[in-house]
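Me: I have a model open and want to talk it through with you. Can we go residue by residue and then finish at the ligand?

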Amino acid sequence: MKNGEVCLRSYLVSDDERTVAWLNDPEMKNTFGLTYQIDVSMHRKWLDAQCDFLIKAIEVNGQHIGNAILRLTPRHKSALLEIYIGEASLRGRGMGFRALGLLLKVAFKELKLHRVKLFTRIDNIAAQKMYEKAGFVLEGCERQAIYQDGVFVDQNIWGLLFDEWVVSEDV
Ligand SMILES: CC(C)(COP(=O)(O)OP(=O)(O)OC[C@H]1O[C@@H](n2cnc3c(N)ncnc32)[C@H](O)[C@@H]1OP(=O)(O)O)[C@@H](O)C(=O)NCCC(=O)NCCS
């Protein structure tokens, strides 16, 4: 696929099957600390049960390639951000960074949030570099926060305040 214009669109029920396949991929399960396989009905039930939750499909040239999520805490004007390019072959081509920029625009301009935070496993180099490039500040490390396959792994916490947000030229 040629690099096309990245956009965020409403997430549709018809995106569930693709999303579940991505989330069941062993690398993605590791990234998000998922310990079991999910199926479409579990995923749909889980999505329908969420509140203060915004999920957008990341699309390039009409192809759904990943998802971008904000879990809102309205009383604190903040959100927890998650993003993934589900199609592994399309990673490393600038699309994650562009989608992140669009999601931050939703967070800070549309929703008028004050703070966006996120977590990364300390071994997720690509994600940490991307968040650093977008201006996120490393705020600390939760030691041995993730228990997976018999091993405890540290996770970093990152934050970006509205005042620190720099709008990328790509967005
Ligand atoms: C993390 C993720 C969203 C990044 O999206 P991407 O499209 O692959 O990344 P981009 O091509 O937009 O790169 C943006 C920046 O990230 C960093 N980066 C991306 N891939 C990298 C890699 N393999 N190694 C080191 N840095 C990397 C670079 O700083 C890059 O900027 P540069 O190209 O100017 O150097 C994507 O790799 C992904 O979905 N990974 C699996 C799920 C995941 O880890 N999600 C984040 C959970 S915290």
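Me: Let's start with K56. Is K56 buried, partly exposed or exposed?
Reply: Keep in mind that this is a predicted model. K56 sits in strand β2. Its relative accessibility is 21%, and buried would need under 20%, so K56 counts as partly exposed.

Me: How far apart in space are K56 and G140?
Reply: Along the chain, 84 residues separate K56 and G140. Going from C-alpha to C-alpha, the separation is 28 Å.

Me: And what about G150, is it buried or exposed?
Reply: G150 is in the loop between β6 (137-148) and β7 (151-161). The cut-off for exposed is over 50% relative accessible area. G150 has 53%, so the word for it is exposed.

Me: How far is G150 from H76 in space?
Reply: In sequence the two are 74 residues apart. For the C-alpha atoms of G150 and H76, the distance in space is 35 Å.

Me: Next, the backbone. What is the phi of D52, roughly?
Reply: D52 belongs to the loop between α3 (40-49) and β2 (53-60). With a relative accessibility of 41%, D52 is partly exposed. D52 is not a glycine, yet its phi is positive, at about 50 degrees.

Me: Which loop holds K112, and is K112 buried or exposed?
Reply: K112 also isn't a glycine, and its phi is positive, near 55 degrees. You'll find K112 in the loop between α4 and β5. Its relative accessibility is 59%, so K112 counts as exposed.

Me: Over to R121. Is R121 buried or exposed?
Reply: R121 is part of strand β5. Buried means under 20% relative accessible area. R121 comes in at 13%, so it counts as buried.

Me: Which side chains does the side chain of R121 make polar contacts with?
Reply: One polar contact, at 2.9 Å, runs from the side chain of R121 to that of D123. Another, at 2.8 Å, joins the side chain of R121 to that of Q148. That gives you D123 and Q148.

Me: Now the ligand. Which residues come nearest to it?
Reply: There are 22 residues around the ligand. Those that come nearest are I85, G92, G94, N124 and K133.

Me: Which backbones have a polar atom lined up with an oxygen atom of the ligand, and how much of the ligand does the protein cover?
Reply: A polar backbone atom of G92 is 2.7 Å from an oxygen atom of the ligand. For R93, a backbone N or O atom lies 3.1 Å from a ligand oxygen, and for G94 a polar backbone atom is 2.6 Å from one. On its own the ligand has 910 Å² of accessible area, and the protein covers 72% of that.

Me: Which element gives the most residues to the shell around the ligand?
Reply: The space the ligand takes is the largest pocket. Elements giving two or more residues to the shell are α2 (26-32), β4 (78-85), α4 (95-110), β5 (115-121) and α5 (125-133). With 6 residues, the one that gives the most is α5.

Me: Last one: how many residues of the shell are nonpolar?
Reply: Sort the shell around the ligand by class and you get 4 charged and 6 polar residues. The nonpolar residues number 12.

Definitions and conventions. Residues numbered from 1 in each chain as written. Predicted model: local features only at pLDDT ≥ 70, side-chain atom pairs only at ≥ 80, totals over all residues. Heavy atoms only, no water. Near = heavy atom within 4 Å. Polar contact = N/O pair within 3.5 Å; in protein donor to acceptor, adjacent residues only side chain to side chain. Areas by Shrake-Rupley, 256 points an atom, 1.4 Å probe, with all protein chains shown as cover. 1 Å grid on protein atoms, 1.4 Å probe; cavity = no way out; pocket = protein on both sides within 12 Å on 5 of 7 lines; lining within 4 Å. Sits in = over half its atoms within 2 Å of the grid points. Helix = DSSP H or I, 4+ residues; strand = E, 2+ residues; numbered from the N terminus. Nonpolar A, V, L, I, M, F, W, Y, C, P; charged D, E, K, R; others polar. Buried < 20%, exposed > 50% of the residue type's maximum accessible area, 1.4 Å probe, protein only.
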